[in-house]
Amino acid sequence: MQEWQKYFNKTFVINLAKRTDRKERMQEIFEEYDIEGEIFEAVDVPKSFFGLVESTKRIFQYCLDNGLSNCLVFEDDCEFLVPRETFHETMAKCVDDLKGVHWDIFYLGLQHPRPFTSWKTRNLLHVNMAYSTHALAYSAKAMKFFLDFNVCQPIDNFWVEKFQHYNSCYCSYPILAKQKANFS
């Protein structure tokens with residue numbers, strides 16, 4: 001396990017049980033990148049965004065019930081944009097910076113349709129309109145906030161509309177992950 005990963009109380013990969021291909025792909029990526037993560041069986045419903053909402057609720061409830069102050073969550077359609085060494089070097093810098101600031105959500109990858117307006121540190125950019133939830137960390141505050149709502153929309157829209165403008169949300173610089181094309 002890489003030293004930076006110890007900062008996060010738990011690392012999850014959300015995966016539908018019937019998508020063994022995605023599970024195996026993420027296990028191979030985690031092995032290649034030396035990341036320890038637990039496969040979390042996603043809730044399978046006809047509208048996939050409801051499944052992600054329900055799966056996220058279950059992860060958050062688990063974390064809060066077990067006194068975890070944060071968690072790192074990957075979706076099974078995540079892919080890394082940089083080689084292993086660059087990924088770990090960047091994550092180490094980001095985690096060092098996160099230790100010194102108050103943060104609620106930390107994105108490893110995102111779609112940010114607006115220009116970034118400011119830096120928090122050399123490795124963290126302020127996020128004010130981040131779509132995508134394929135690779136990010138949540139604080140206990142963010143988890144509690146989410147659980148207090150009856151979320152009936154795609155989860156990334158919820159974070160943009162209800163949370164990002166009023167809380168401390170950052171992304172890594174450089175961006176480390178993206179959603180695999182044609183995978184969702």
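Helices (H or I, at least four residues) and strands (E, at least two) are DSSP runs numbered from the N terminus. Those labels are used in every legend below, and the model shown is a predicted one.

**View 1. The cis peptide bond at Y173 and P174.** Our first stop is the loop between β8 and β9 (177-179), where P174 is found. The peptide bond that joins Y173 to P174 is cis, with omega at about 0°. As background for this view and the next, most peptide bonds are trans, and most residues other than glycine have a negative phi.

**View 2. Two residues with positive phi.** D34 and S132 are shown here. D34 is not a glycine, yet its phi is positive, at about 55°. This residue lies in the loop between α1 (20-33) and β2 (38-41). S132, also a residue other than glycine, has a positive phi near 95°, and its place is the loop between β6 (124-126) and β7. Is each one buried or partly exposed? D34 has a relative accessibility of 25%, so it counts as partly exposed, whereas S132 is buried, with a relative accessible area of 5%.

**View 3. The one cavity that the search finds.** Searching the whole structure for cavities of 30 Å³ or more gives one. The largest cavity holds about 40 Å³ of space. Its lining is made up of I14, L52, T56, V73, E75, T133, L136, Y138 and I155. Which elements give two or more residues to this lining? They are α2 (48-65), β3 (70-75) and β7 (135-139). Sorted by class, the lining has six nonpolar residues, two polar ones and one charged one.

**View 4. The largest nonpolar core, with I59 in the middle of the picture.** In soluble globular proteins, nonpolar side chains tend to be buried together. Here the largest nonpolar core has 31 residues, and those with the most contacts inside it are I59, C71, I105, Y107, Y138 and W159. At least two core residues come from each of β1 (11-15), α2, β3, β5 (105-107), β7, α4 (140-147), α5 (155-163) and β8 (169-172). The largest share belongs to α2, with five residues. Looking past residues up to four places away in sequence, I59 touches F12, I14, F40, C71 and V73. A second, separate core has 28 residues, among them V13, F30, C78 and V101.

**View 5. The buried residues of α5.** Which residues of α5 are buried? They are I155, D156, F158, W159, V160 and F163. The elements that cover them include α2, β5, β7, α4 and β8. Two names will be familiar from the earlier views: I155 from the cavity lining, and W159 from the residues with the most contacts inside the largest core.

**View 6. An aromatic pair between strand and helix.** The structure holds 25 aromatic pairs. The one drawn here is F12 with Y62, an edge-to-face pair with 6.1 Å from centre to centre and 90° between the planes. Why does this pair tie together parts that are 50 residues apart in sequence? F12 lies in strand β1 and Y62 in helix α2, so the pair links those parts. F12 is buried, at a relative accessible area of 1%, while Y62 is partly exposed, at 33%.

**View 7. F80 and its aromatic cluster.** One aromatic cluster is formed by W4, Y7, F8, F30, Y33, F74, F80, F87 and W103. F80 sits in strand β4 (residues 78-80). Its relative accessibility is 13%, which is under the 20% limit, so F80 counts as buried. Setting aside neighbours within four places in sequence, F80 is in contact with I29, F30, Y33, I35, F74, F87, L176 and A177. For a sense of scale, the C-alpha atoms of F80 and D148 are 32 Å apart, with these positions 68 residues apart along the chain counted as their separation.

**View 8. D104, a buried loop residue.** D104 is found in the loop between α3 (84-99) and β5. Is D104 buried or exposed? It counts as buried, at 0% relative accessibility. Without its neighbours within four places in sequence, the contacts of D104 are A137, Y138, S139, K141, A142, F163, N167 and S168. Of these partners, Y138 also lines the largest cavity, and F163 is among the buried residues of α5.

Terms used. Residues numbered from 1 in each chain as written. Predicted model: local features only at pLDDT ≥ 70, side-chain atom pairs only at ≥ 80, totals over all residues. Heavy atoms only, no water. 1 Å grid on protein atoms, 1.4 Å probe; cavity = no way out; pocket = protein on both sides within 12 Å on 5 of 7 lines; lining within 4 Å. Points joined across faces, edges and corners; volume = space filled by probe spheres on them. Nonpolar A, V, L, I, M, F, W, Y, C, P; charged D, E, K, R; others polar. Core = buried A, V, L, I, M, F, W, Y, C linked by side-chain atoms within 4.5 Å. Buried < 20%, exposed > 50% of the residue type's maximum accessible area, 1.4 Å probe, protein only. Contact = heavy atoms within 4.5 Å. Phe/Tyr/Trp six-rings, centres within 6.5 Å; stacked < 30°, edge-to-face > 60°.
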